[in-house]
Each structure stands twice: as C-alpha cells, then as structure tokens.
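Trainee: I have a new model open and would like to work through it. Where should we start?

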Amino acid sequence: MRRAIYPGSFDPVTFGHQDIIERSSAIFDELIVGVLNNSAKNSLFSLDERVSMLRELTKDIPNVKVDSFDGLLVDYMKTCGATIIVRGLRAVTDFEYELQIAQTNHVENPEVETVFLTTNLKYSYLSSSVVREFAAYGGDISKFVPAQFVDRIYGKSKIKK
C-alpha cells in the first residue's frame with residue numbers, strides 16, 4: 001500500500017490545498033492530510049478547527065484521512081506508516097525551499113521520498129497568507145477558499161461580509 005502524507009498548516013485551507021488533496025488522493029492508495037501543530041505560529045484557526053475544516057472538505061474522498069501532528073514530520077511518518085511526502089509547488093521559488101527540506105527528510109530517513117505536484121495554474125498565486133490578508137481588509141475571498149469556509153474566515157478576521 002502506498003501511503004502518502006500531505007503536510008501543512010492549512011490556515012486556512014484554500015482551493016490550492018483542495019486541488020493538491022484531490023489530485024494526490026487519485027495517485028496514492030491512502031493520503032493523510034497532516035495538519036501541523038506549530039505553537040510558534042500565530043494561527044488564525046486553532047488546530048482542532050483546521051482539522052475539522054479539512055475533514056469537512058475531504059469527507060467524500062474515501063482514501064483521505066485527516067490527522068494532526070507536532071514535531072518532525074519524519075518522526076510522525078514512522079508512527080502512521082507513510083513513506084511519501086506530497087508537496088505542492090506554485091513557483092520556482094517554492095522548489096528551492098522544498099528541495100532542501102526533501103533532501104533533509106531523506107537523509108533523516110532514507111525510506112522517505114517526496115513527490116512534488118505543480119499547482120494548477122489558476123491557483124499558482126494563492127496562499128493562506130494571501131487569504132488572511134484579504135480577509136483582514138474585507139476583500140473578497142470567495143475566489144480563494146471553498147464557500148463553506150468564507151464566513152468562518154471573515155469571522156476570525158473580525159470582518160463581516
């Protein structure tokens with residue numbers, strides 16, 4: 001069984017994340033969406049809220065499981081039996097950073113491989129940071145995130161649309 005993990009903070013989840021989840025779930029037998037608990041980050045949504053939103057988003061994809069973790073990704077992968085990391089690439093600048101992380105993870109655990117999926121062109125500009133900034137200023141985020149999350153994001157951003 002090819003078990004892969006798509007790790008990230010998903011704060012908030014975007015159409016770009018959804019695209020990578022859907023495409024990678026069609027490639028691997030099982031996909032774990034691993035929500036990173038990074039206490040150093042000042043997140044818009046709590047860990048439980050992010051996990052809940054991703055479970056809601058992926059409820060109709062039978063081979064996708066959503067879980068949370070903290071610490072090193074390679075350590076978490078050992079506990080869940082995943083050997084493949086899925087990463088989305090928006091631009092060349094993403095590749096340099098992601099390549100370094102992939103090589104480091106492979107040195108730490110030679111059984112771990114990283115697969116890069118290029119983002120759909122229509123989402124190549126999109127990031128959670130862009131969504132948070134637009135929401136904070138009352139901008140239209142409906143083009144960036146699934147409809148069921150728009151009001152939640154505005155609510156966290158103290159903006160009502």
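**Sheet, bridges and pocket**

Mentor: Start with one pair of strands in this predicted model. Strand β2 covers residues 30-36 and runs parallel to β3, with six bridges joining the two.

Trainee: Which residue in β3 stands opposite Leu 31?

Mentor: Look along the parallel pair β2 and β3. Opposite Leu 31, in β3, you find Val 64.

Trainee: In what order do the five strands form the sheet?

Mentor: The sheet is open, and its pairing is parallel. From one strand to the next, the twist averages 30 degrees. Read across, the order is β3-β2-β1-β4-β5.

Trainee: Why is one side of some strands left without a neighbour in the sheet?

Mentor: Check who pairs with whom. A strand at the edge has a single partner strand, so one side of it has no neighbour in the sheet. The strands at the edges are β3 (64-69) and β5 (113-118).

Trainee: At what angle does α3 run to β1?

Mentor: First find what α3 lies across: β1, β2, β3 and β4. Then compare its direction with that of β1. The angle is about 145 degrees.

Trainee: Which residue forms a salt bridge with Arg 3?

Mentor: The structure holds seven salt bridges. Arg 3 sits in strand β1, and its partner sits in strand β2, 27 residues apart. The closest N and O atoms are 2.6 Å apart, within the 4 Å cut-off. The partner is Glu 30.

Trainee: Which two residues does a cis peptide bond join?

Mentor: Go to the loop between β1 and α1, where Pro 12 is found. Phe 10 is in the loop between β1 and α1 too, and has a positive phi of about 50 degrees although it is not a glycine. For the cis bond, omega is about 0 degrees. The bond joins Asp 11 and Pro 12.

Trainee: Which element supplies the largest share of the lining of the largest pocket?

Mentor: The largest pocket has a volume of about 1,100 Å³. Several elements each supply at least two lining residues, including β1 (3-8), α1 (15-25) and β4 (84-89). The largest share is eight residues, and they come from α4.

Trainee: How many residues of that lining are charged?

Mentor: The lining has 41 residues; Pro 7, Gly 8, Ser 9, Arg 87 and Glu 98 lie nearest the centre of the pocket. Sort the lining by type: 16 are nonpolar and 17 are polar. The charged ones number eight.

How values were computed
Residues numbered from 1 in each chain as written. Predicted model: local features only at pLDDT ≥ 70, side-chain atom pairs only at ≥ 80, totals over all residues. Heavy atoms only, no water. 1 Å grid on protein atoms, 1.4 Å probe; cavity = no way out; pocket = protein on both sides within 12 Å on 5 of 7 lines; lining within 4 Å. Points joined across faces, edges and corners; volume = space filled by probe spheres on them. Helix = DSSP H or I, 4+ residues; strand = E, 2+ residues; numbered from the N terminus. Nonpolar A, V, L, I, M, F, W, Y, C, P; charged D, E, K, R; others polar. Pairing = 2+ DSSP bridges. Axes fitted to C-alpha atoms, helices over the stretch in contact; angles between N-to-C directions. Contact = heavy atoms within 4.5 Å. Salt bridge = Lys/Arg side-chain N within 4 Å of Asp/Glu carboxyl O.
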